[in-house]
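Here are some short exercises to work through with the sequence and the 3D view side by side. Try each task yourself before you read the solution.

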Amino acid sequence: MFRTPLTLFRTLAIAEAISWTLLIGGLILRATADLAVAVTVGGGIHGFVFLAYGATAILVAKNQRWGAGPAIVAIGSAVIPYATIPTEVWLHRSGRLAGPWRLEPTADPRDAAWHDRLMRWFLHRPWVLAALIVLAVATLFVVLLIVGPPGGRD
């Protein structure tokens with residue numbers, strides 16, 4: 001399904017934009033129809049997809065060997081509504097999403113680092129990697145729900 005970093009990143013960038021629509025729609029419904037549950041549902045979906053997009057951006061940045069600048073832009077784009085789409089287009093057009101997953105070591109000295117070996121181990125086991133990312137995102141999501149919404153509770 002996600003045979004390349006491009007397909008995974010593009011899918012999550014689009015999902016993040018869709019989740020913004022759900023959140024904004026929920027805010028509109030709360031303001032116009034006094035339907036507070038719409039924000040709860042839209043916000044919950046958006047929060048989970050936001051975290052999943054961030055995890056994906058980190059994984060793809062590591063695989064593609066981005067510098068700090070493109071990685072920060074990719075992660076930070078999730079904060080601005082719909083910005084993940086132009087960010088994905090920019091990363092794609094600049095060649096930063098080109099190429100396969102780095103499953104095998106190369107002559108590049110960076111491939112000898114422990115974290116690169118660990119990443120390749122997980123990339124050879126995509127279901128384990130996906131389960132681990134989902135578990136980490138779900139755990140962080142629950143912790144953030146317990147902490148409460150930004151700005152405190154009403």
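**Exercise 1: a warm-up**

In which helix does Ile-85 lie? Once you've found the helix, work out how exposed Ile-85 is.

*Solution.* Keep in mind that this is a predicted model.
- Step 1: Go to residue 85, and you land in helix α4, which covers residues 84-93.
- Step 2: The relative accessibility of Ile-85 is 32%. Buried would need a value under 20%, and exposed one over 50%. Ile-85 therefore counts as partly exposed.

**Exercise 2: the overall layout**

Describe the chain as a whole: how many helices and strands are there, and how much of the chain is buried?

*Solution.*
- Step 1: Count the elements, and you get six helices and zero strands. Read from the N terminus, the order is α-α-α-α-α-α.
- Step 2: Put a box around the C-alpha atoms along the principal axes, and its sides come to roughly 60 × 30 × 30 Å.
- Step 3: Of the 154 residues in the chain, 34% are buried.

**Exercise 3: a nonpolar patch**

Find the residues of the nonpolar patch on the surface. Which element gives the most to the patch?

*Solution.*
- Step 1: Pick out Ile-14, Ile-18, Leu-22, Leu-29, Leu-35, Val-37, Val-41, Ile-45 and Ile-85, which make up the patch. Together they have about 720 Å² of accessible area.
- Step 2: Sort them by element. Two or more residues come from each of α1 (5-33) and α2 (37-64).
- Step 3: Compare the shares, and α1 comes out ahead with four residues. Our warm-up residue, Ile-85, is also a member of the patch.

**Exercise 4: two helices that cross**

Look at α2 and α6. At what angle do their axes cross, and how is the crossing classed?

*Solution.*
- Step 1: Two packed helices are described by the angle and the distance between their axes.
- Step 2: Helix α6 spans residues 126-147, and its axis comes within 10 Å of that of α2. The two axes cross at roughly 135°.
- Step 3: An angle over 145 degrees would count as roughly antiparallel, and 65 to 115 as roughly perpendicular. Neither fits, so α2 and α6 are oblique to each other.
- Step 4: As for handedness, the crossing of α2 and α6 is right-handed.

**Exercise 5: glycines and their neighbours in space**

Is Gly-42 buried or exposed? Then do the same check for Gly-76.

*Solution.*
- Step 1: Gly-42 is in helix α2. With a relative accessibility of 4%, Gly-42 counts as buried.
- Step 2: Now look across to Leu-23. The two residues are 19 apart in sequence, and 4.4 Å separates the C-alpha atoms of Gly-42 and Leu-23.
- Step 3: Gly-76 belongs to helix α3. Its relative accessibility is 31%, so Gly-76 counts as partly exposed.
- Step 4: Gly-76 is 22 residues along the chain from Gly-54, with 8.5 Å between their C-alpha atoms.

**Exercise 6: positive phi angles**

What is the phi of Asp-34, and what is the phi of Arg-65?

*Solution.*
- Step 1: Most residues other than glycine have a negative phi.
- Step 2: Asp-34 has a positive phi of about 55° without being a glycine. You'll find Asp-34 in the loop between α1 and α2, and at 68% relative accessibility it counts as exposed.
- Step 3: Arg-65, another residue that isn't glycine, has a positive phi near 60°. This one sits in the loop between α2 and α3. At 25% relative accessibility, Arg-65 counts as partly exposed.

**Exercise 7: following the charges**

Which residue meets Arg-65 in a salt bridge? Trace the network from there.

*Solution.*
- Step 1: Side chains of opposite charge can pair when their charged atoms come close.
- Step 2: The partner of Arg-65 is Asp-108, at 3.6 Å from N to O. Asp-108 is in the loop between α4 and α5 and Arg-65 in the loop between α2 and α3, so the pair ties together parts that are 43 residues apart in sequence.
- Step 3: Asp-108 also forms a salt bridge with Arg-110, with 2.7 Å between the closest N and O atoms. Arg-110 counts as partly exposed, at 45% relative accessibility.
- Step 4: Next come Asp-116 and Arg-102, whose closest N and O atoms are 2.7 Å apart in a salt bridge. Asp-116 is in helix α5 and Arg-102 in the loop between α4 and α5, 14 residues apart. Both Asp-116 and Arg-102 are buried.
- Step 5: Put it together: the network links Lys-62, Arg-65, Arg-102, Asp-108, Arg-110, Asp-111, Asp-116 and Arg-120.

Technical notes:
Residues are numbered from 1 along each chain as its sequence is written. This is a predicted model: local features need pLDDT of at least 70, side-chain atom pairs count only at pLDDT 80 or more; totals for chains, interfaces and linings use all residues. Side-chain values use heavy atoms; hydrogens and water are left out. Patches are made of residues with over 30% relative accessible area and no salt bridge: like charges are joined within 9 Å, nonpolar side chains (Val, Leu, Ile, Met, Phe, Trp, Tyr) within 5 Å. Accessible areas come from the Shrake-Rupley method with a 1.4 Å probe; for residues, only the protein chains shown count as cover. A salt bridge is a side-chain nitrogen of Lys or Arg within 4 Å of a carboxyl oxygen of Asp or Glu. Buried means under 20% relative accessible area, exposed over 50%, partly exposed in between (1.4 Å probe, protein chains only). Axes are lines fitted to C-alpha atoms, for helices over the stretch in contact, and angles run from 0 to 180 degrees between N-to-C directions. Angles under 35 degrees count as roughly parallel, over 145 as roughly antiparallel, 65 to 115 as roughly perpendicular and the rest as oblique. A crossing is left-handed if the near helix is turned anticlockwise from the far one by less than a right angle, and right-handed if clockwise.
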